[in-house]
There are 4 protein chains.
Amino acid sequence: MSTTDPDLVSLRRELHRKPEPAWREFYTTARIVEELQSRLDLDELHVGPEALASDHRMGVPDEDALESWYEQARDHGADEDVLTDLEGGYTGAVAVLERGEGPTVGLRVDIDGLPQPESEDPDHLPVAEGFRSEHDEAMHACGHDAHATIGVGVLEAIADSDFQGTLKVFFQPAEEVVGGGKSMAKSDHIADVDYLLALHVGLDHPTGEIVAGIDGFLAVRHLEATFTGEPAHAGGHPEQGRNAVQAMATAVQNCYGIPRHSDGQTRINAGVVEGGTAANVIPEEARIVAEVRGETTELMEYMYEKAERVMRSAAEMHDCEVDLEIGADAPSATSDQELVDVVADVAGGVEGVEHVLERDQLGGSEDATFLMREVQQQGGLACYVGVGTDHPGGHHTSTFDVDEDSIGHGIETVAGAIERLGHSRP
Amino acid sequence: MSTTDPDLVSLRRELHRKPEPAWREFYTTARIVEELQSRLDLDELHVGPEALASDHRMGVPDEDALESWYEQARDHGADEDVLTDLEGGYTGAVAVLERGEGPTVGLRVDIDGLPQPESEDPDHLPVAEGFRSEHDEAMHACGHDAHATIGVGVLEAIADSDFQGTLKVFFQPAEEVVGGGKSMAKSDHIADVDYLLALHVGLDHPTGEIVAGIDGFLAVRHLEATFTGEPAHAGGHPEQGRNAVQAMATAVQNCYGIPRHSDGQTRINAGVVEGGTAANVIPEEARIVAEVRGETTELMEYMYEKAERVMRSAAEMHDCEVDLEIGADAPSATSDQELVDVVADVAGGVEGVEHVLERDQLGGSEDATFLMREVQQQGGLACYVGVGTDHPGGHHTSTFDVDEDSIGHGIETVAGAIERLGHSRP
Amino acid sequence: MSTTDPDLVSLRRELHRKPEPAWREFYTTARIVEELQSRLDLDELHVGPEALASDHRMGVPDEDALESWYEQARDHGADEDVLTDLEGGYTGAVAVLERGEGPTVGLRVDIDGLPQPESEDPDHLPVAEGFRSEHDEAMHACGHDAHATIGVGVLEAIADSDFQGTLKVFFQPAEEVVGGGKSMAKSDHIADVDYLLALHVGLDHPTGEIVAGIDGFLAVRHLEATFTGEPAHAGGHPEQGRNAVQAMATAVQNCYGIPRHSDGQTRINAGVVEGGTAANVIPEEARIVAEVRGETTELMEYMYEKAERVMRSAAEMHDCEVDLEIGADAPSATSDQELVDVVADVAGGVEGVEHVLERDQLGGSEDATFLMREVQQQGGLACYVGVGTDHPGGHHTSTFDVDEDSIGHGIETVAGAIERLGHSRP
Amino acid sequence: MSTTDPDLVSLRRELHRKPEPAWREFYTTARIVEELQSRLDLDELHVGPEALASDHRMGVPDEDALESWYEQARDHGADEDVLTDLEGGYTGAVAVLERGEGPTVGLRVDIDGLPQPESEDPDHLPVAEGFRSEHDEAMHACGHDAHATIGVGVLEAIADSDFQGTLKVFFQPAEEVVGGGKSMAKSDHIADVDYLLALHVGLDHPTGEIVAGIDGFLAVRHLEATFTGEPAHAGGHPEQGRNAVQAMATAVQNCYGIPRHSDGQTRINAGVVEGGTAANVIPEEARIVAEVRGETTELMEYMYEKAERVMRSAAEMHDCEVDLEIGADAPSATSDQELVDVVADVAGGVEGVEHVLERDQLGGSEDATFLMREVQQQGGLACYVGVGTDHPGGHHTSTFDVDEDSIGHGIETVAGAIERLGHSRP
């Protein structure tokens with residue numbers, strides 16, 4: 001039996017049943033809004049386009065995809081008024097509690113699911129307990145259902161506390177495509193935030209462990225290269241073709257061969273490739289969907305410039321054109337020691353928390369970094385918190401699940417730190 | 001105004017309106033059968049599985065594809081009895097006329113369309129005269145509608161002639177995927193054929209030109225390689241992946257680099273490739289759909305063996321598995337001089353034929369070669385005939401069309417040659 | 001016991017003992033000049049620079065190499081007067097016999113050896129009979145010792161015949177690097193040639209076989225690409241390098257992947273590569289020595305243009321510069337039927353010749369094509385003759401040798417054809 | 001005017017004039033031995049094979065190279081008795097001073113030069129002051145002449161001090177090929193060492209700066225792959241070749257593409273490649289001299305295993321054999337904080353030292369790590385010290401030089417630390 005508030009466990013399971021990928025969190029946003037309105041007396045609630053700097057959305061899917069998920073959310077009974085606000089893929093919300101004089105504290109939680117099927121194994125808890133994903137091709141495989149729930153829980157906890165100041169909770173869409181962070185960071189809501197917290201469950205830390213200050217976010221950028229050549233009959237006139245697949249294969253090989261950098265870790269991945277139409281036609285078109293990363297934003301830029309050079313030269317080598325589209329990106333970021341200290345100290349006193357770690361490396365990317373850097377650049381402080389949870393399968397695998405006790409640990413740690421920040425600047 | 005029999009022009013246009021790709025020629029077969037039965041008193045008519053060696057069908061699409069085209073043929077009003085015979089993609093027919101003592105002469109015509117849309121240009125004759133394809137994703141872009149019509153016309157012409165012997169016309173499905181020739185070549189119907197003719201319209205020869213003896217068929221084989229590795233988070237743990245796209249790219253580069261052969265022309269093409277699921281995941285799976293060709297069957301085999309070695313080593317290099325599936329193939333073949341002489345001689349006397357060429361090179365592949373070689377191996381003779389036709393767009397392009405006069409030229413040339421063969425062995 | 005004149009056998013063995021590679025045929029030229037002067041009453045004898053269009057020499061080695069072979073020729077006792085003429089690598093000679101009114105007939109024979117050691121196997125005839133190469137790193141492994149000898153023999157035979165006209169024998173240097181043909185073709189001596197013959201022994205034809213009309217010379221061009229990047233410490237700062245070896249490897253892979261051409265055979269080979277200085281330094285420089293070929297000069301040009309594009313793009317891909325040097329080349333050529341007929345007819349009557357073939361394909365390259373095309377372009381006729389010889393090892397291998405009977409066959413066939421040409425134009 | 005002892009400056013310049021690469025330090029060793037014997041009353045002096053575990057020498061050059069440098073050392077007047085000991089490339093020495101009860105302290109200095117020419121620029125100090133390298137193809141371009149001199153200076157300083165304990169100075173050969181460290185680490189002389197110091201001048205630190213505790217040594221391994229295929233005439237029969245250069249190019253491309261590792265920095269470099277014999281021959285042989293590195297020994301092993309897999313599969317892909325030879329290697333290592341503290345403290349008091357840094361990253365490799373790890377594994381402590389020196393050109397460039405003041409700084413810092421260790425364990 002979980003020590004977490006049963007209502008919040010229910011909410012988490014409901015969200016788990018209806019996972020929605022990036023910019024399609026129609027049902028999810030509507031459900032969060034509904035929950036907040038029924039439980040809390042908020043001072044402000046900004047929904048959809050009101051919560052975002054619309055020009056900065058990245059990685060938005062095409063209209064057909066948006067439309068079909070929108071209709072599905074309606075079929076599931078999502079609130080029509082909220083839905084209307086979200087039309088066109090403007091998902092997410094910002095909830096504000098004002099509690100007198102004091103600093104403005106932000107908490108960012110992400111809410112999107114992943115485009116992958118969930119396990120049907122009877123031993124998989126969501127199957128055993130009946131809250132497996134109802135969507136064939138989507139799953140909460142990274143715990144954002146728990147994150148959204150923690151966001152709600154923290155608002156409730158602070159509402160009931162003697163916190164002095166303002167609390168803003170950012171329910172952010174589209175983290176999985178690093179597409180939503182920037183549009184929240186560039187919205188008006190971040191401008192007065194003095195302290196920003198963000199969090200993630202799991203990351204190979206067990207239930208009962210809290211990490212104060214996760215660093216090592218890799219800066220990331222997505223890019224898509226489309227090579228266009230000339231088709232030709234592969235038997236009759238191979239010399240008349242300009243082979244886009246040869247260009248693509250050369251680019252793939254040489255992208256992975258970009259020199260390592262002595263300043264730190266770098267990454268490149270040609271994650272999706274495709275090309276050609278038939279065995280007997282010299283391929284006219286080919287495509288690479290790739291990403292580059294770096295331990296710093298500069299290292300990511302280094303990789304991007306090299307990758308671009310490779311793509312362009314590979315096209316030229318095979319007499320093809322290449323169209324390069326830059327996709328979403330996210331910078332690196334570092335937690336501030338002052339906040340790390342507060343979080344570590346509070347976490348030590350939370351029931352069920354047996355181990356508090358100071359600082360750990362993520363090794364992946366996260367667009368919470370946009371909000372963290374925005375706050376830091378305007379003179380504020382930021383800290384990313386890890387909330388340990390036993391997870392049977394790895395992140396992004398079909399058997400991922402969250403130990404629901406950790407939802408309570410997350411709420412108490414974060415709410416405790418916020419309360420502390422509300423009393424005296426650290 | 002075409003000099004070709006208006007009924008046959010009508011038939012050709014009707015077939016043109018309902019193009020059906022490989023193994024889905026349900027309406028086409030039914031329509032041919034109906035036409036033959038209404039016009040002729042055939043001695044035998046073998047339909048669908050009766051016309052084929054079923055084990056030797058190659059490149060058959062999956063059941064869903066078969067089913068949807070089957071239903072469409074029914075919707076178009078195809079004869080239900082014939083349709084029943086064709087169920088499961090056993091399309092095509094063999095029509096037999098017996099006219100006393102004499103040699104058995106075979107004529108092979110192919111009947112399938114291509115999976116590509118037809119031009120909507122108002123200047124495109126099928127648009128202007130209202131017989132453009134009714135199927136969005138299919139078109140007779142290689143003249144097989146004319147070939148089928150010629151098959152019917154030749155049967156009629158011979159029925160009315162004093163030919164002595166037996167005529168078998170093979171209405172062959174699935175030439176475009178070199179998938180149907182072998183199953184007709186391995187059927188019982190070929191066993192007693194003394195002379196085999198096959199034909200093709202166009203091939204850059206203008207109306208009024210006949211080519212007696214097309215050679216230079218490249219032997220061809222299709223293959224599909226599926227590479228399987230291990231996915232991993234591209235930012236967090238790239239070293240835990242086994243990258244199927246790297247294996248694929250290495251294979252593509254090295255396949256194109258297989259040494260040229262001094263014995264003659266060879267070809268390779270990685271015509272379709274794809275791999276990976278998302279930018280941030282090390283690709284677990286990748287696929288190459290390729291073909292190899294050679295001026296002789298041996299040269300094609302040389303290319304195949306090298307390609308197989310490349311695929312396997314590329315997989316091993318990146319610690320992946322590879323599953324290699326051999327697809328359809330077709331051998332090379334050569335026309336026999338004795339038949340070339342007969343065809344050339346007859347063609348010279350056909351009205352409208354202004355130029356007779358002896359021998360030309362195709363440079364592509366054709367599975368009529370299976371039938372030609374089968375007949376030659378059992379001691380018979382074979383000849384492939386080119387029937388010139390002005391075609392505004394190239395073969396396999398959206399504006400391809402046939403000058404209908406050439407249908408008459410084809411019928412008269414082929415029927416004339418068959419008649420000659422029926423009187424005295426050449 | 002050979003049926004060939006023993007003096008000529010002696011001459012051939014003497015040349016075999018002193019093989020000299022391209023543009024270093026100092027001893028060889030001097031020895032041929034000496035032989036001609038002692039045996040014949042020539043009308044003209046042009047030696048070294050007098051025999052060549054000096055600007056058109058290709059593939060000339062550096063001065064040190066020329067100098068050391070020059071000194072060696074002097075040490076072997078080559079005639080000092082001739083040597084003086086040859087200084088700087090102007091080797092070869094043109095010998096002229098004038099025999100009254102009549103056509104001018106040219107015969108081209110090549111005289112250079114190869115830079116490779118000869119077998120020491122006691123069963124290798126030159127070892128057994130004591131005429132193995134005295135030069136460690138050179139060998140007559142392609143029969144040019146026999147060719148030079150045939151040139152001398154033909155001059156003698158014609159001197160003793162009733163041939164009417166002018167005979168010019170071109171003792172051409174540097175065929176093995178396709179470096180000498182052009183400079184002879186561009187010399188004044190070719191301008192009045194009406195008929196040109198060239199010949200080669202062996203080519204897998206046995207003793208007793210003559211091929212009238214060898215075709216299928218592949219046009220060829222040499223090229224050398226030097227990639228220059230930037231070195232860097234491979235451990236400390238790999239990102240500061242611009243890796244010339246990566247550029248080179250990419251170029252090699254993509255050069256071999258240049259599309260095959262439907263017009264005929266093409267070739268490419270990255271025959272020599274090198275790069276880098278030490279394991280721990282990012283390579284600053286790399287080099288490819290390559291050649292492209294084609295069944296026609298156009299096909300060779302096609303390959304060259306593609307290769308150039310690959311080299312340039314590969315350099316750009318790795319931020320390197322590339323310096324492309326075009327080396328020697330040779331065109332394709334075809335024998336004229338009129339001369340083929342004459343040669344075939346004469347060969348049929350030569351004692352020891354048991355089989356006369358009309359036309360065969362070489363599949364390699366030869367710079368005799370420069371002379372053939374020059375003559376053909378000025379309205380003359382040309383024919384390349386194959387003189388069968390049993391050769392125990394393949395061409396360019398250490399156990400290659402010539403059956404000396406074939407020297408006689410070559411002389412009689414060629415002299416016979418020349419005599420016939422001197423009587424009446426064919 | 002340098003503050004360093006003029007005799008030691010002289011010694012350094014003498015060594016600079018006679019640089020000798022790995023395992024060829026015949027003159028250098030003899031000169032060091034002579035200097036030690038004339039200046040000091042050593043308790044033990046182990047020379048050549050006595051100083052090494054002979055089985056563990058790595059990267060020893062061939063006999064011809066050893067022989068010619070040996071003869072040159074003799075020509076320079078090196079002591080014959082010492083030379084005799086060094087025969088076969090057993091260079092280096094271990095000098096021992098025993099000064100009563102107390103810990104055994106080791107100091108390791110390396111003594112080899114680099115195989116590269118020294119600048120002739122008149123502004124280059126060794127040119128201006130007449131001590132430029134007398135060897136055309138060798139240079140002290142990494143300051144090991146200064147290291148050897150510091151070794152001698154420290155022995156003198158300790159001999160004159162009240163140090164209690166034993167001092168062993170390891171004059172190590174062959175650091176530049178990471179070939180000598182292991183054989184000294186595996187010798188008996190290391191077994192009783194309680195504290196080990198090693199040092200390097202320069203590394204971009206200016207004169208007056210001391211780094212206490214250099215870390216970040218990359219573990220390294222050298223490897224050499226030789227690919228063997230089959231030659232063939234590139235025009236006549238390309239299909240008969242098995243192309244070793246294609247195998248090599250594929251291997252190069254895929255080696256650079258080995259996945260980055262999330263545990264830390266990795267490196268790979270194909271530093272030297274070569275292959276083939278002539279433009280017109282399909283290359284029979286090709287070679288890659290490469291190295292792999294990793295922030296830890298495990299990461300280096302990861303790279304090695306992947307590289308080996310790539311080499312083997314690339315060979316198989318092109319039907320070649322590959323012979324893989326593992327060359328020298330070196331592990332990573334870390335300085336112990338206790339010694340870092342001692343060195344930092346002592347350095348702060350050395351005249352001329354203006355800046356003491358604690359810990360810095362090398363980013364390269366060093367085989368001092370073998371000795372450091374050996375001592376650490378037997379329970380001792382180790383520390384690597386950086387001695388700042390203004391160097392006009394970078395390490396391993398032709399204008400590298402050492403500010404001779406830094407020799408004094410090095411001696412005083414190291415001797416001071418040793419003295420401190422002799423009084424009380426830290």
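What follows is a short exchange on a predicted model, its chain pairs and a few of its residues.

Reader: What makes chain A and chain B copies related as by a two-fold axis?

Author: Lay chain B on chain A. The fit takes a turn of 179° and a shift of 0.3 Å along the axis, with an RMSD of 0.2 Å. The two copies are therefore related as by a two-fold rotation axis. In chain B, the C-alpha nearest that axis belongs to Glu274(B), at 1.9 Å.

Reader: How do you know that the copies meet through the same surface?

Author: Compare the interface residues. Of those in chain B, 100% are also interface residues in chain A, so the copies meet through the same surface.

Reader: How many residues does the contact take from chain B and from chain A?

Author: Chain B gives 39 residues and chain A gives 40 residues. The area buried between chain B and chain A is about 2700 Å². Carbon and sulfur atoms give 55% of that area. Three residues, Gln253(B), Val273(B) and Ala279(B), supply 18% of what chain B buries against chain A, more than any other three residues.

Reader: What is the count of salt bridges between chain B and chain A?

Author: Zero. A salt bridge needs a side-chain nitrogen of Lys or Arg within 4 Å of a carboxyl oxygen of Asp or Glu. No pair between chain B and chain A is counted under that rule. Polar contacts are another matter: 14 residue pairs are counted there, both residues at pLDDT 80 or more. On the chain B side, the elements that give two or more residues are helix H8 (244–256), strand E8 (266–275) and strand E9 (285–294).

Reader: What rotation superposes chain C on chain D?

Author: A rotation of 179°, with 0.2 Å of shift along its axis, and the RMSD is 0.2 Å. Both copies use the same surface, as 100% of the contact residues of chain C recur in chain D. In this pair, 39 residues of chain C contact 39 residues of chain D.

Reader: What area is buried between chain C and chain D?

Author: About 2700 Å², with 55% from carbon and sulfur atoms. The rule finds zero salt bridges across this interface. It finds 14 residue pairs in polar contact, both at pLDDT 80 or more. Helix H8 (244–256), strand E8 (266–275) and E9 of chain C are the elements that give two or more residues to the side touching chain D.

Reader: Why is Glu291(C) called buried?

Author: The cut-off is under 20% relative accessible area. Glu291(C) has 0%, so Glu291(C) is buried. This residue is found in strand E9 (residues 285–294) of chain C.

Reader: Which residues does Glu291(C) touch?

Author: Residues of chain C and chain D. Among them are Val220(C), His222(C), Arg267(C) and Asn269(C), along with Ala234(D), Gly235(D), Ala279(D) and Asn280(D).

Reader: What makes the link between Glu291(C) and Arg293(C) a polar contact?

Author: Distance is one part of the test: the N or O atoms must lie within 3.5 Å. The side chains of Glu291(C) and Arg293(C) are joined at 2.7 Å. That value meets the distance limit, so the pair is listed as a polar contact.

Reader: Why is Phe26(D) called buried?

Author: Its relative accessible area is 1%, so Phe26(D) is buried. Phe26(D) lies in helix H2 (residues 26–39) of chain D. Its contacts include Leu66(D), Trp69(D), Tyr70(D) and Leu83(D). Phe26(D) and Leu66(D) are 40 residues apart in sequence, and their C-alpha atoms are 9.3 Å apart in space.

Reader: Where does UniProt place the feature "binding site"?

Author: The unreviewed entry places it at Cys142(A), His144(A), Glu176(A), His200(A) and His396(A). They spread over 255 residues of sequence but cluster in space, with a largest C-alpha distance of 13.7 Å.

Reader: Why does His144(A) count as buried?

Author: Relative accessibility is 1%, so His144(A) counts as buried. His144(A) sits in helix H6 (residues 144–159) of chain A. Its contacts include Asp110(A), Asp112(A), Glu176(A) and His200(A).

Reader: Why does His200(A) count as buried?

Author: His200(A) is at 6% relative accessibility, so His200(A) also counts as buried. Its place is in strand E5 (residues 195–201) of chain A. Cys142(A), His144(A), Tyr384(A) and His395(A) are among its contacts.

Methods
Residues are numbered from 1 along each chain as its sequence is written. Chains are lettered from A and ligands numbered from 1 in the order in which they are written. This is a predicted model: local features need pLDDT of at least 70, side-chain atom pairs count only at pLDDT 80 or more; totals for chains, interfaces and linings use all residues. Side-chain values use heavy atoms; hydrogens and water are left out. Helices (H or I, at least four residues) and strands (E, at least two) are DSSP runs, numbered from the N terminus. Buried means under 20% relative accessible area, exposed over 50%, partly exposed in between (1.4 Å probe, protein chains only). A polar contact is a pair of N or O atoms within 3.5 Å; within protein, one must be able to donate a hydrogen and the other to accept it, and residues adjacent in sequence count only if both atoms are side-chain atoms. Contact means heavy atoms within 4.5 Å. Copies are superposed by least squares on the C-alpha atoms of residues with pLDDT of at least 70 in both. Buried area is the accessible area (1.4 Å probe) that two parts lose on being put together, summed over both. UniProt positions are given in the numbering used here, feature names are shortened, and annotations may be inferred rather than shown by experiment. Lists of a residue's contacts leave out its neighbours within four places in sequence.
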